[in-house]
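Here are some notes to go with your first look at this structure. Have it open beside you and take the points one by one.

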Amino acid sequence: MTTIGLLAAFSLFAGEDSGDARRSLLFNFGWKFRAGDVEGAQAAAYNDSDWRAVDLPHDFQIEQPWEKSARGARGFKKMGAGWYRKSFRADPDWRGKRVLLDFEGIMLTGDVWLNGTRVGGTDYGYLGFEADITKYINYEGENVIAVRADTGMDGNSRWYTGGGLYRDVHLLVKNEIAVARHGVFVTTPEVSERNAEVGVQVEVEGLRGKQLQVDIEAKLYAPGGRLVAETRQSAPKKSKKLTVEIALPAMNIETPQLWSCETPHLYTAVVTLALDGKIVDRVTEAFGIRHIEFSPGFGFKLNGKKIILKGIANHHDLGAVGAAAYERAIERQFETLKAFGFNHVRTSHNPYSESFLRLADKHGILIVDELFDKWSQQYAGGRIPWMMLWPAAVAEWIKRDRNHPSVIMWSFGNELQVREEWTGFPTGDWGVTGYRILDVLAKRHDPTRKTTVAMFPARKNAVTKEDPSFNVVVEPPELSVVTDIASYNYRYPAFPKYAEQFPHLILYQSEAATSEMGKAYYGMDLGKVVGLAYWGAIEYWGESRGWPAKGWNYSFFDHSLEPLPQAYFVKSMFDDTPLVRIGVVDREAESIEWNDVMVGQMPMSSHWNRASGARLNLVTYTNAEEVELFINGKSFGVQKNIIDDPARRNAIFWKDVPYREGGVVAVARNGGGEVARHQLETTDKAVALRLEAETGAWRADGLDLQYMKVRAVDREGREVPDAAGEVTFEVSGAARLIAVDNGDHRSDELFAGNKRMLHNGRALAILRAGLVPGEVTITASVPGLKSAKKRLMTTGQ
């Protein structure tokens, strides 16, 4: 939880004296950065006066040039190191307490020094760690934190990771008797509309070898802040353990407000420790009251209601800001996904940020939380073997994420069964024993959720599609028949045969190809499966099929989150609201074998500025019964939606449509009556720019982002998709420009600076608020077009 969140929580319960409780200080501001390796930079006396000032989160790799000679799998960015330094003065009140630095992640690996002494580090940058700096603090002068982050070697990842201090850093001050790291565990074992039982377990540190009177209190607050339940328990007075887990007496909440995708209600648990009657620690945890269940008969239910996971599986980067975990960048992604009917994200193939899960809780997004890719050193960070990494990683991951109602399943890995060495444990059974070991450890810290491993590409005995028996003897991989949930990437056509052989299988399509669109969804028995996650539904960096594409772009949304026409196809499947959308085919479909699957995309756009005399192929995406197409008011015919064909459903193809300047209109009908329409018009040439702010509320917290969309428009205010030119942005006031973008995945332009070419008549500026509220002015200009100016305000927290 950020400092802002903690302050909000404490103000909610301001009627209680927090006494000598912990302090959590956000340490994201006032860092210095230098790219490359710097000899002696860990020393407190090192002169960093010429280093660049940065605030976190920060991804140094996204700032590097695109280099054609670099590896496309990692986004055509060179591997390397970067150094960060920050100075601070210690508060005398910290004396006698424990002081820790809490890093949520350092990408890809990292080491931390305080005043020249190494105090911690990470070999797996997707998870956080604490560094105890109590003994090394200088109370008489400046303290210097130095961090070295390293992106590793090319082979340490199959995709773009980013680099540096890309997530939050906190300084934590607490007493010796305290709640341990991630030490509050809230469960809801019994849930109905009438009543919910809530359990709270608290892990306490500092008790070993002592006989103390430590009392634990938990209070539960409803979404509006009303106290609805409380419970108390004393800690044992004798313990030989470093930490002690104490289950408090269960509580009951009448008529609970249930957490769901539509109503993501969040409660708050406030846990207080008192030593001899004096408060020594207090921790707040948000949680949701909900019930999840899985079955081979119905797939997945949430609060007793059948739900189909309609999701994406992506890597963790966020477009122009790279891997930097800005909350606004994450939230706009969730807002976009929900607007198109999605309800699910699989965190492929690593834990995402804590803010990602908090926002998933807030927006009602169902998460399959994934820890690793392969179980091997190559995909674990590179400095230590995977076999040395997993025990601490599993515990940190589960304990960190287990209170989030959005998390419905744990996934230990991805696509293991093709090389035996990828299964990590040398047990000779394709990972079965390894899974069982991981499962026991995971359920030690959270027995409430089921576990899985995403399987692909092989069948039993590692038989791949090159083997003549692949489609003759269709047997599932050995590991997939012992996992709680049977997860398969792309193998949905085999689901009936798999289920026939093993009726206990609970089937989930953990990756679906965007090229298969509706076939991958409608080709499953939706009444029985858990659901699916489309691979790479949003463009991401890395895993490029070749220069100049900077990453994966067989997607429904570009990396700036502009929807492609295919996004409306998905919306027509996932959302019952009547819809029709026209997509114009720009060129031949791209198709390539990728990871043993044929993937690709038909390049399309939605505009009517075309070459005179052209004959075009169109697609209308609709969930209606039929569509009639009109060109300048004249009907081009009526076509039915082929509902009973998974490969053609909701996508109607129109061949050789003659282009005529003016407009094309698609009218969707049910039972002969119009239910939706979509029109494309030929525009005049661009004469001006238009600036649009994505959000109204913009907090002056030093972290909040404002995305400013720029559109080239004609005299009637219509967007002009073929407008060209370089946009120059000028920003002044209480914010700064941190990135410029245009959604072009093939561009060699960088995101730093204040200039960007228009792409499809569009560009984007990303502004980061300062810490003081005030006015912000942004101007966008292109030679030959009327410039645009906007005045905005950032507001107090």
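1. Are Phe342 and Phe574 buried or exposed? Both of them are buried. Keep in mind here, and in every point below, that you are looking at a predicted model.

2. Those two residues are also ring partners, and they belong to a count of 43 aromatic pairs. The ring centres of Phe342 and Phe574 are 5.2 Å apart and the planes stand at 90 degrees, so this pair is edge-to-face. The contact joins distant parts of the chain, with the two positions 232 residues apart: Phe342 sits in the loop between helix 2 and strand 23 (344-347), and Phe574 sits in helix 8 (residues 565-574).

3. Now try Trp386 and Phe425. Their planes are likewise at 90 degrees, with the centres 5.3 Å apart, so this one is edge-to-face too. Here the partners are 39 residues apart, Trp386 in helix 4 (residues 386-401) and Phe425 in the loop between strand 25 (407-414) and helix 5 (432-445). Trp386 has a relative accessibility of 2% and counts as buried. Phe425 is buried as well, at 6%.

4. Back to Phe342 and Phe574, which have company. They belong to one aromatic cluster that also takes in Phe340, Tyr521, Tyr522, Tyr534, Phe556, Phe557 and Tyr568. Tyr568 has a charged neighbour too: the charged end of Arg581 sits over its ring, 4.0 Å from the centre. A similar arrangement turns up at Trp66, where the charged end of Lys550 sits over the ring at 5.7 Å from its centre.

5. How many of the residues of helix 8 are buried? The answer is 9 of 10, and the helix is mostly covered. Among the buried ones are Pro565, Tyr568, Phe569, Met573 and Phe574.

6. Helix 8 also shows up in the wall of the second largest pocket, which holds about 1300 Å³ of space. There are 48 lining residues, and those closest to the pocket centre are Leu564, Met604, Ser605, Ser606 and Asn760. Two or more lining residues come from each of helix 8, strand 35 (604-605), strand 41 (673-681), strand 43 (705-713) and strand 47. Strand 41 gives the largest share, with 4 residues. By class, the lining has 15 nonpolar, 17 polar and 16 charged residues.

7. Next, the enclosed spaces. Rolling a probe the size of a water molecule over the atoms shows where empty space is left. In this model there are 2 cavities of 30 Å³ or more. The largest has a volume of about 260 Å³. It is lined by 30 residues, and His316, Asp317, Leu318, Gly319 and Gln333 lie nearest its centre.

8. Which elements each supply at least two residues to the lining of the largest cavity? They are strand 22 (309-314), helix 2 (327-339) and strand 47 (762-769). Helix 2 contributes the largest share, 4 residues. The lining of this cavity divides into 17 nonpolar, 8 polar and 5 charged residues.

9. The second largest cavity has about 70 Å³ of space. Of its 11 lining residues, Leu108, Tyr126, Asn156, Asn350 and Tyr379 lie nearest the centre. The lining has 6 nonpolar and 5 polar residues, and no charged ones.

10. Finally, have a look at strand 48 (residues 774-781). Of its 8 residues, 6 are buried, so the strand is largely enclosed by the rest of the structure. Strand 44 (residues 726-733) pairs with strand 48 in the antiparallel sense over 6 bridges, and Val731 stands opposite Ile778 there. Strand 49 (residues 788-794) also runs antiparallel to strand 48, joined by 7 bridges, with Val776 opposite Leu792.

11. What sort of phi does Gly784 take in the hairpin of strand 48 and strand 49? Its phi is positive, near 90 degrees, and the hairpin has 6 residues between the strands.

Methods: Residues are numbered from 1 along each chain as its sequence is written. This is a predicted model: local features need pLDDT of at least 70, side-chain atom pairs count only at pLDDT 80 or more; totals for chains, interfaces and linings use all residues. Side-chain values use heavy atoms; hydrogens and water are left out. Buried means under 20% relative accessible area, exposed over 50%, partly exposed in between (1.4 Å probe, protein chains only). Two strands pair if DSSP finds at least two bridges between them. On a 1 Å grid over the protein atoms alone, a cavity is a set of points where a 1.4 Å probe fits but cannot get out, and a pocket is an open set with protein on both sides within 12 Å along at least five of seven lines; lining residues have an atom within 4 Å of a point. Grid points are joined across faces, edges and corners, and a volume is the space filled by probe spheres set on the points. Ala, Val, Leu, Ile, Met, Phe, Trp, Tyr, Cys and Pro count as nonpolar, Asp, Glu, Lys and Arg as charged, and the others, Gly among them, as polar. Rings of Phe, Tyr and Trp (its six-membered ring) pair if their centres lie within 6.5 Å; planes under 30 degrees apart count as stacked, over 60 as edge-to-face and the rest as tilted. A charge sits over a ring if NZ of Lys or CZ of Arg is within 6 Å of the ring centre and within 35 degrees of the ring normal.
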